[in-house]
Every structure is written in structure tokens, then in C-alpha cells.
Amino acid sequence: MTQAHARDRLLAAGGELFYNAGLTATGVDAVVRTAGVSKPTLYAHFRSKGQLVTAVLEQRHEQRVEELRAWVNRTDDIRQRPLAVFTWLADWYERDGARGCAFLNAAAELVDPQDPARGVVSREKRWLVEFLAQLASDADLRRPEQLASQLLLLIDGVSGRVLVQGVGAAPRVVAEATQVAALLVAAAGTDSRT
């Protein structure tokens, strides 16, 4: 097994276990067992469990950015792109969202504000609100930063509800959030700048 392959296996195993069982509940023994590598191999790539957590969250963020941009760009009508985020959300919960947002889950477990992994969580949420604001601005909606913040509240609210009520609640909760998002987008489009 190559070094790059071992690192990829550790990231995949860590991503799966941290998301499904939680950061605190998942020890390095479980990660190396799932990855099929030794502890020395883990520590050759990551100096600590915390560094692995950080790398897993960074990788998840990169995947989220790529996937969400591609999804939204499939929507030809630029005015509909802010709502396309919610169709992506529905699709994501159906495929991979059994425990809600991995970033919010991590934030709940990472109490040290200086923890590098918590910094990744902050960057993810900052990126998402900036992405939403850009979509709103491109659609010529009023107060795009405010709208983006409101839309992120809905997205994070969906995650909280799914975490508490279970993934079975996701279709209904996403549909409700999408209805509210549509109202917010419509209100932001009511502008005298025509």
C-alpha cells in the first residue's frame, strides 16, 4: 500500500466514523482498524487524532464546495440559484445526511475555540454564507448578506431538526425550509431597482 493510499484510507475511515459515531466517541484504534492500517502509519500521516479530525473536515469542506457549486451551476435561471441550494440539501439528506451537518456536529464537540478543527468549521460556515450572498447578489436580490444569513439559519435549522428527529424527518423539514426560503427570496426580489 502506498503512503498516499494509506492516507486516503485513514481520511475515509475517519470521515465515516467521526460522522456516524462522533469525534469524542471515536478513538484512533477504531480508525486504524477500519482503515486497515497500523497506528504507526496513522501517526506517520497525522501527528494526532486532532490533526486527523482537522484533515477530515478540510476534505469534507472541499468536497462540499465542489459539489454545491456544480449543483447550483446546473440551474440556468440565475434568480433560482439561491433556492437550488435547497434542492441540493434535499438530495444530500437523502444520500448522506443521516446525522445532519458534520460541521455543526463537530462544533458541538470541539469546545476549544483555538482548536484547528473548529477553525475549519468556522471557515465552512463563512464560505457557505458568502456563497449564498454571492448567489443572491448575482440574482440582483436586495440585501444579499442579510438574505444569505437568513438562508443559512434555515439550512442549519434543518440539520438540527434532522439530528434530533432522525433522518426520516429530513424530507418534510427540508420542504418546510424550502418554502420559507422561497418567501425570503421573493421578498428580497421586491425591489424598486428595475
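What share of the 194 residues of the protein chain count as buried? The figure is 44%. Keep in mind that this is a predicted model, so treat what follows as a tour of a prediction.

Let's begin with the overall layout. The protein chain has nine helices and zero strands, so if you read the elements from the N terminus on, you get α-α-α-α-α-α-α-α-α. Fit the C-alpha trace along its principal axes and it spans about 65 × 30 × 30 Å. How do the contacts spread along the sequence? Take the contacts between residues at least 6 apart in sequence: 65% of them join residues at least 24 apart.

Now look at how some of these helices meet. Find helix 4, which covers residues 49-73, and then helix 5, which covers residues 81-95. Their axes come within 9 Å and cross at roughly 125 degrees. An angle from 65 to 115 degrees would count as roughly perpendicular and one over 145 as roughly antiparallel, and helix 4 and helix 5 are therefore oblique to each other. The crossing of helix 4 past helix 5 is right-handed. On the helix 4 side, the contact is made by Arg64, Glu67, Leu68, Trp71, Val72 and Asn73. Helix 5 brings Arg81, Ala84, Val85, Thr87, Trp88, Asp91, Trp92 and Arg95 to the contact. Sort the residues of this contact by character and you get seven nonpolar, two polar and five charged.

A second pair to look at is helix 6 (residues 102-109) and helix 7. Here the axes come within 9 Å and cross at roughly 140 degrees. Helix 6 and helix 7 are therefore oblique to each other as well, and the crossing of helix 6 past helix 7 is left-handed. Helix 6 makes the contact with Phe103, Leu104, Ala106 and Ala107, while helix 7 uses Arg118, Val120, Val121, Glu124 and Lys125. These residues divide into six nonpolar, no polar and three charged.

Next, the charged side chains. How many salt bridges does the structure hold? There are ten. One of them pairs Glu58 with Arg123, with the closest N and O atoms 3.7 Å apart. Why is this pair worth a look in terms of sequence? Glu58 sits in helix 4 and Arg123 in helix 7 (residues 116-138), so the salt bridge ties together parts that are 65 residues apart in sequence. Are these two partners buried or exposed? Glu58 has a relative accessibility of 33% and so counts as partly exposed; Arg123, at 39%, also counts as partly exposed.

Another salt bridge joins the side chains of Asp77 and Arg79, at 3.1 Å from N to O. Asp77 is partly exposed, with a relative accessible area of 30%. Arg79 has a relative accessible area of 54%, and since exposed means over 50%, Arg79 counts as exposed.

Then go to helix 9 (residues 170-189). Glu176 forms a salt bridge with Arg172 there, and their closest N and O atoms are 3.5 Å apart. The two residues are four apart in the helix, so about one helical turn separates Glu176 from Arg172. Glu176 counts as partly exposed at 34% relative accessibility, and Arg172 does too at 40%. Elsewhere, salt bridges that share partners join Glu67, Asp91, Arg95 and Asp96 into one network. Three of those names may ring a bell: Glu67 of helix 4 and Asp91 and Arg95 of helix 5 are among the residues in the contact of those two helices.

Finally, a word on the backbone. Most residues other than glycine have a negative phi. Which loop should you check for positive values? Look between helix 7 and helix 8 (144-165), where Asp140 is found. The phi of Asp140 is near 60 degrees, a positive value in a residue other than glycine. Asp140 counts as partly exposed, at 44% relative accessibility. Arg143 lies in the loop between helix 7 and helix 8 too, and its phi is near 45 degrees, again a positive value in a residue other than glycine.

Methods. Residues are numbered from 1 along each chain as its sequence is written. This is a predicted model: local features need pLDDT of at least 70, side-chain atom pairs count only at pLDDT 80 or more; totals for chains, interfaces and linings use all residues. Side-chain values use heavy atoms; hydrogens and water are left out. Axes are lines fitted to C-alpha atoms, for helices over the stretch in contact, and angles run from 0 to 180 degrees between N-to-C directions. Angles under 35 degrees count as roughly parallel, over 145 as roughly antiparallel, 65 to 115 as roughly perpendicular and the rest as oblique. A crossing is left-handed if the near helix is turned anticlockwise from the far one by less than a right angle, and right-handed if clockwise. Contact means heavy atoms within 4.5 Å. Ala, Val, Leu, Ile, Met, Phe, Trp, Tyr, Cys and Pro count as nonpolar, Asp, Glu, Lys and Arg as charged, and the others, Gly among them, as polar. A salt bridge is a side-chain nitrogen of Lys or Arg within 4 Å of a carboxyl oxygen of Asp or Glu. Buried means under 20% relative accessible area, exposed over 50%, partly exposed in between (1.4 Å probe, protein chains only).
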